[in-house]
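This report covers annotated segments, a chain-to-chain contact and one residue. Please keep the sequence and the structure in view while reading.

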Amino acid sequence: MSELPPTTSVRRWLVTTNHKDIGILYLITALFFLLFGGVLALLIRVQLWDPANQVLSGLAYNEAVTAHGLIMVFWFLSPFAFGFANYFVPLQIGADDLAFPRLNALSYWMYLFSGILLAVSFFQGGTLSAGWTMYAPLNVPMYTPSIGSTGAVLALAMFVIGVTASTVNFLTSIHHSRAEGMGIMDMPMFTWSMLATVWMMLFAFAAVLAVGLILASDRVLGSVYFSATEGGSLLWGHLFWFFGHPEVYIVFFPALGVMLELFQTFSGRRLVGRKWVIIAICLISVQSFLVWMHHMFLTTINLEIKTLMMATTIGISLPFDLIVFSLIYTLMKGRIQFTTPFLFAFGALLLFILGGITGVFLGAIVLDYEFRGTYWVVAHFHYVMFGGATALFGGAYYWFPKMTGKMYDEFLGKVHFAVFFIGFNAVYASMFLGWETPRRVFEYNPEFQLFHQIGTIGAFLLGFSFFIMFYNFLKSFVSGPEAGDNPWDYSRTAEWAVSSPPPLENWPNRPSYASGKLEFVKDYIPDGGPAVKADENGNAATDGGDSHSDHIREYPYWDKHPSHASIWPIALSFATLVMFLGLSGFNDSISIGVADSLATTPVTISNPVYPALAALGLLGLVYTGVKWGLEDFYAPPSEFAERWPFNGVEKVKLGMWFFLASDVIVFGAFISAAVFIRYNAGWREWSPLTESLPGLINTFVLLTSSFTVILALVAAHRNSRKGLLASLGTTIALGLTFLAIKMWEWHHEIYDVGVTIAENSHGDPVQASIYYVTTGLHGVHVVGGLLIAGFLFYRAWHGHYMDDERPIEYFGLYWHFVDIVWVFLFPLFYLF
Amino acid sequence: MIDPITLQQGTDWRAQAEVFDEIFFVFLTLGTVVGIIVVSYTLWNVYKYRDDGSEPSDDFDAPVVGELPTGQGGPKAKKLFLSFGLSAIVVISLVVYAYGLLLYVEDGPDTGEEGDIEITVEGYQFGWEYFYPNGHSEMNELVVPADQRIDLKITSRDVWHNFGSSELRIKSDAIPGETSETWFTVSSEEVEERGGEATYLVECFELCGSGHSAMKGQITVLPQDEWEEWYAGTGDDSADANSSSVEGDLANPRVTGSDVGGVSA
């Protein structure tokens with residue numbers, strides 16, 4: 001732990017783990033990516049000015065289209081929303097910080113560095129050119145051979161790793177750290193929409209992580225999933241859209257949350273049908289996973305499934321209807337103030353209504369058949385996704401005074417809105433008019449030239465409008481008038497109850513809603529004892545409430561200051577960047593020859609830079625991971641908090657459960673991929689590639705190791721250091737046995753039988769790919785588990801975990817999960 | 001709702017373009033009306049309830065910082081559910097209506113004994129190849145007769161493409177390892193109107209590589225007799241390769257001259 005430097009120091013921004021600092025980092029970085037993606041958009045628009053003339057080559061145009069989509073969807077929309085979420089969700093729920101501050105910093109640095117990896121990919125022979133939807137098999141090296149294409153895929157994988165950490169963090173924070181008296185239905189609407197967003201992200205991003213890892217394996221290791229004609233293309237479609245549709249709501253919900261807040265604040269009215277709006281949000285979150293095949297109406301899926309997907313698609317539009325009407329009726333009988341934030345939020349509603357109506361067109365399958373692959377789709381999703389983001393700019397103006405303490409310039413803000421709104425409709429409404437143009441082409445029917453030229457002018461106007469915002473914010477930050485703590489007449493949420501900007505630890509005393517409104521209570525902290533909850537009058541009460549004093553044994557609350565700085569999140573992310581950069585060119589730098597055994601296999605390294613970077617990054621990852629584990633970093637537990645529906649679950653354990661839930665989806669996607677491809681190839685055509693005996697032995701080995709982990713926990717609970725070391729040691733030994741048998745099996749398969757990741761002398765090559773990649777992913781989980789077990793063993797050797805066995809328990813959860821996964825893999829690959 | 005059965009009597013088949021145009025018109029009209037009503041109602045209310053600096057009325061219950069959020073009930077909630085119900089009825093009836101026509105588009109018109117022509121379309125980087133029943137294959141130009149239902153089986157030999165013709169309003173994914181289907185028909189009146197030979201542009205609607213923009217082809221529709229003449233001629237160039245199968249295919253009732261003639265009769 002180190003002290004947090006002042007905000008004027010560069011070091012502060014590298015080591016900070018404070019949610020407000022990280023929120024600002026997210027916002028600034030996201031705006032940078034808005035410019036990056038915006039420049040690419042303008043390149044596209046310049047190309048479209050003339051139906052035949054080319055500014056970019058065909059390949060360069062495709063790269064611009066792809067990178068524009070990826071950057072705007074992944075590196076701009078969501079992170080921009082998460083900037084606000086980082087800053088304001090803890091404030092709105094009355095927490096000091098997010099549940100895991102270091103993890104939060106890690107998410108940010110993973111985000112930034114993954115964006116850098118994407119930017120670098122432009123210089124590695126050109127970035128990916130397969131569209132942001134990356135349809136297979138255009139996304140495999142045979143059709144997109146550049147190193148940069150692999151770099152872009154790895155950048156996405158790295159981004160998703162950071163997102164997963166962030167998701168777990170927000171879920172744990174919102175479910176674990178709400179101020180006393182704030183029930184789940186009492187949360188402000190922005191927080192509610194973020195909660196729905198992160199629940200969707202937990203499952204949707206696990207699917208895209210899985211599909212990204214499979215694609216990375218196809219590109220780096222040479223597996224053949226997506227080039228397989230046994231359903232490889234459709235597999236991509238299903239997995240991508242299983243993520244892709246919820247993703248639409250993932251980027252829209254935070255903006256919806258801002259709209260719900262701003263409509264109330266600037267009309268002075270409370271939300272109409274609040275309970276039903278929350279129910280609608282929850283319904284949409286669940287339904288979002290049941291509509292993905294409406295992106296695939298023209299593939300070979302049958303009429304029954306199309307009908308079902310049409311019904312769910314129309315079904316999901318209904319809760320949105322309710323939300324839109326609720327927003328409109330909320331304004332009525334209010335005292336509407338046309339401030340810049342309100343204009344943006346209101347503009348977002350109008351744009352969303354247009355996007356919603358044109359979306360109903362797409363829900364009718366016959367119309368979708370014709371709209372598919374045309375500018376109708378492009379226009380529709382820009383109205384929905386970017387139309388939603390319009391509200392986020394409203395959020396930027398709304399919260400600017402809170403974050404900086406300065407007021408923005410209202411006149412410039414309104415000018416920004418006017419230029420933005422005109423530009424927006426010029427560029428996207430013209431797409432509806434010229435909708436018959438196929439997507440992603442640059443030579444189009446001259447009949448539509450006028451529409452595309454209007455679009456190009458609109459795009460430049462739209463781009464220019466942001467410079468008004470940048471100027472406004474910069475000028476106001478430097479010399480704007482003091483905003484005061486609460487510049488808005490009808491604000492309600494807790495961020496307006498503290499100073500602008502809020503102090504490092506947010507609150508003067510512990511915030512509580514126990515009396516029905518926000519109060520700051522002073523808890524009584526006796527010498528040498530745990531905190532005692534104050535009652536409504538501020539006196540010390542003795543009932544203790546939700547206090548879990550046994551949870552704070554290692555870090556006594558009363559003599560330990562919360563930590564706000566750590567260098568390891570940035571260090572660990574940087575190591576990941578180096579490793580992924582190395583992996584991007586790995587396949588092109590190393591060629592492995594054919595031989596009888598591993599020892600005699602000739603390996604030719606044509607370019608040592610990439611393999612060296614990969615190895616260096618991996619070493620750095622292990623080193624920084626260990627340093628992270630050893631660092632004394634204290635994030636105080638929220639002593640008295642509302643935790644429904646996870647009352648009584650400790651913070652780290654809750655986080656672990658969320659992580660495992662997402663990992664279930666990752667493995668679920670890998671197993672589904674295996675089943676889907678095999679079904680397409682003909683289920684009975686395949687028989688196991690391997691002998692079942694080694695798999696059976698390994699099953700027993702792993703199940704036994706699950707048992708020894710339980711013994712370790714019991715030993716730690718009984719304060720038996722020897723018992724702990726013995727059972728942890730046995731677990732490690734069993735894990736190593738598993739890996740040794742696995743290695744023997746792979747060696748046997750590769751060198752004796754002749755089955756490699758890309759070749760299968762006994763059947764379909766994709767069967768071999770599936771076997772190696774799926775059991776390989778499990779193997780990586782075992783290796784990861786063993787590294788953690790080794791770390792625990794080292795710490796136990798030095799006497800840790802005697803009064804606090806929780807780390808052993810959490811490791812046990814993970815280890816049991818890895819064993820359970822094997823129970824599914826064993827029959828799939830060894831028996832049937 | 002239009003009964004699909006009435007759509008397909010005799011040769012008076014509705015092409016996909018007609019079905020599309022009808023649904024699109026209905027949706028566009030209703031969408032525009034609903035959009036204008038909702039947006040103008042909203043704008044009018046926002047103007048009406050603007051903060052004009054006057055004293056708030058007595059029943060204006062201003063929210064305060066730190067209150068636990070509550071919703072607004074009363075007459076507004078009733079209105080909310082009324083509007084929601086109305087919008088649900090509009091959306092659901094639109095889709096039920098469109099679904100009836102989908103069933104027609106999925107099956108295509110019933111050709112009865114008149115037969116149809118089945119052609120395999122294979123996409124590649126960057127063009128289309130058409131395989132006729134007699135084994136003849138044609139690059140980039142699909143030549144078909146008028147007044148006949150043309151069934152397309154669409155696939156790809158490399159990456160994911162999408163075969164589509166905007167004018168004919170047909171479109172289908174071309175996916176390696178998969179075969180999707182669509183159909184179309186062009187009337188002889190249409191062909192005559194266009195001067196005895198109707199041509200339609202074919203484009204690729206899925207990003208497929210650097211030549212995606214240029215991946216264009218053409219569908220040429222000829223009058224029955226002209227097409228028959230053309231088709232009989234195609235037997236020759238593939239005759240060397242596999243003459244017996246050509247004869248066998250020509251004997252196939254689905255494409256023999258007499259059956260084709262039967263359609264126009």
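Over residues 23–44 of chain B, what percentage of the chain is helix, and how far apart are the end C-alpha atoms? In this predicted model, the stretch is 100% helix and 0% strand, with 31 Å between its end C-alpha atoms. The unreviewed UniProt entry annotates residues 23–44 of chain B as "transmembrane region", and gives residues 80–105 the annotation as well. The two stretches are set out below.

| Residues of chain B | Helix | Strand | End C-alpha atoms apart |
|---|---|---|---|
| 23–44 | 100% | 0% | 31 Å |
| 80–105 | 100% | 0% | 37 Å |

Next, the contact between the chains. Chain A places 83 residues in contact with 73 residues of chain B. On the side of chain A that touches chain B, at least two residues each come from α3 (58–93), α7 (232–265), α8 (274–287), α9 (303–331), α10 (340–363) and α11 (365–371). The element that gives the most is α9(A), with 13 residues. Sorted by class, this side of chain A holds 45 nonpolar, 21 polar and 17 charged residues.

Finally, one residue of chain A. W13(A) sits in helix α1, which spans residues 10–15. Is W13(A) buried or exposed? W13(A) counts as partly exposed because 15 other C-beta atoms lie within 10 Å, whereas a buried residue needs 20 or more and an exposed one has 12 or fewer. Beyond its neighbours within four places in sequence, W13(A) is in contact with D21(A) and L25(A). L25(A) lies 12 residues from W13(A) in sequence, and their C-alpha atoms are 7.9 Å apart.

Note on methods: Residues numbered from 1 in each chain as written. Chains lettered and ligands numbered in written order. Predicted model: local features only at pLDDT ≥ 70, side-chain atom pairs only at ≥ 80, totals over all residues. Helix = DSSP H or I, 4+ residues; strand = E, 2+ residues; numbered from the N terminus. Contact = placed C-beta atoms within 7 Å. UniProt positions renumbered as here; feature names shortened; annotations may be inferred. Nonpolar A, V, L, I, M, F, W, Y, C, P; charged D, E, K, R; others polar.
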